[in-house]
Amino acid sequence: MVPAFDLRRQYKNIREEMDQAIARVLERGRFILGEEVAAFEREFAAFCGVAHAVGVGSGTEALHLALRACGIGPGDEVITVSHTAVATVAAIELAGARPVLVDGDPRRYTIDPTKVEERITPSTRAILPVHLYGCPADMEPLLEIARRHHLVVIEDCAQAHGALYKGRPVGSWGDIAAFSFYPTKNLGACGDGGAVVTNDPALAERVRLLREYGWAERYVSHIRGLNSRLDELQAAILRVKLRHLRAWNERRRQIAALYREHLADAASRWGLVLPEEPEDARHVYHLYVVRHLRRDALRRFLEERGIGTLIHYPVPVHLQPAYADLGYPAGSLPVTEALSREVVSLPMYPELTDEEVQMVSEALHAFWEGTS
Ligand SMILES: *Cc1c(COP(=O)(O)O)cnc(C)c1O
């Protein structure tokens, strides 16, 4: 039995620190925007190599507030991908803007920079790349296009805490960036949470206002805002886990190297496509996603052997019922559509043992060799 995820293993390893952090908050009796959130914001900004971090209610809200802080709203268009968590597109619509979807890069699976410029119109305000599966998007060409067309760049870093592009952390490349602390992310809370990071003090201040009713002082709204706050308990938990994040990401990379070693011949003999690690990037393997034309049969085979897998994502956003009216018929984003048919995420979390990685790899071999 190798589950697709198992957060109990993580808790077991850091139980004492976690229990102490939780007790500290309960004993202090302050639960909203206190010293834990302030301390976490400082520590997380330093981790990302940026000046400011603002804790918010979720990754979706982080994207939504980042967009609004940039003044993006009704009548504006934001260029992003269809091969992503639906949250990316939902956040653009929450801000009142229109998502414009482009295809993915066939090797990196992130936004294809060569497809962006043809979709720019007079209404385009921003490019929103997603660092998918832990692999940084190819930022330099995107930043160059953004400069030429006076567009804002908003990074969706929900799957890439600690990933580096050209030696610098994701989240520090664009104008502003959003992180999610959904429990299974590389840095996960015990509930919902998110953060907006930026080097721009004015943008950070706007997010601070937006997350709490536009209050500059209590009960007086300076702009129209909402309630989207990271809470003290989650911040205290995230501070504990942040101390382990570098080591956890390193272990994910080790596991990826083991998979690569065990599966190299499956790649050359049976057409299994392994994730590529671009030379300009330090991938943090939020997910270990392989591709195969017989994905569904492969997945069933693994399931029967007690190996949990997931599909990220089975239906691209543009083909989901809720988004049919965005106007992208089947066939319009071919790389995205091929990915959604072929990808499968193998177990990937720092607590996975070398033996389990080997078990998963052997089960994959058995699928093609007809042994088992
Ligand atoms: C998880 C995720 C989000 C949303 O984060 P939540 O905290 O679940 O709201 C946004 N974008 C991507 C790419 C994600 O993986």
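# Notebook: pocket, ligand and cavities

**Entry 1: the pocket lining.** I sorted the lining of the largest pocket by class and got twelve nonpolar, eleven polar and three charged residues. Note to self: this is a predicted model.

Next I looked up the volume of that pocket, and it comes to about 390 Å³. I then checked who sits closest to the pocket's centre: out of 26 lining residues, the answer is Ala-85, Ser-180, Tyr-182, Lys-185 and Tyr-313. Three elements, α3, α4 and β8 (176–180), give two or more residues each to this lining.

**Entry 2: the ligand.** Where does the ligand sit? I found it in the largest pocket. I counted 15 residues around the ligand, and the closest are Gly-59, Thr-60, Asp-156, Ser-180 and Lys-185. Ser-180 and Lys-185 were already on my list for the pocket centre, so I marked both names twice.

I sorted this shell by class too: five nonpolar, eight polar and two charged residues. Both α3 (59–69) and α4 (86–94) supply at least two residues of the shell.

**Entry 3: polar contacts.** I went through the ligand's oxygen atoms.

- One pairing puts a ligand oxygen 2.5 Å from an N or O atom in the side chain of Thr-60.
- For Ser-180, an N or O atom of the side chain is 2.7 Å from a ligand oxygen.
- With Gly-59, the partner is a polar backbone atom, 2.8 Å from an oxygen of the ligand.

How much of the ligand's accessible area does the protein cover? I read off 90% of the 380 Å² that the ligand has on its own.

**Entry 4: cavities.** Rolling a probe the size of a water molecule over the atoms shows where empty space is left. I searched the whole structure this way and noted three cavities of 30 Å³ or more.

The largest cavity holds about 120 Å³ of space. Its lining has 14 residues, and Leu-7, Gln-10, Arg-252, Tyr-349 and Pro-350 are closest to the centre. Helices α1 (7–28) and α7 (232–270) give two or more residues each. By class I wrote down seven nonpolar, three polar and four charged.

The second largest cavity has about 70 Å³ of space. Among its lining residues I spotted Arg-107, Arg-108, Glu-276 and His-283, along with Tyr-109, Tyr-133 and Tyr-285. The class count here is eight nonpolar, one polar and three charged.

Notes. Residues numbered from 1 in each chain as written. Predicted model: local features only at pLDDT ≥ 70, side-chain atom pairs only at ≥ 80, totals over all residues. Heavy atoms only, no water. Near = heavy atom within 4 Å. Polar contact = N/O pair within 3.5 Å; in protein donor to acceptor, adjacent residues only side chain to side chain. Areas by Shrake-Rupley, 256 points an atom, 1.4 Å probe, with all protein chains shown as cover. 1 Å grid on protein atoms, 1.4 Å probe; cavity = no way out; pocket = protein on both sides within 12 Å on 5 of 7 lines; lining within 4 Å. Sits in = over half its atoms within 2 Å of the grid points. Helix = DSSP H or I, 4+ residues; strand = E, 2+ residues; numbered from the N terminus. Nonpolar A, V, L, I, M, F, W, Y, C, P; charged D, E, K, R; others polar. Points joined across faces, edges and corners; volume = space filled by probe spheres on them.
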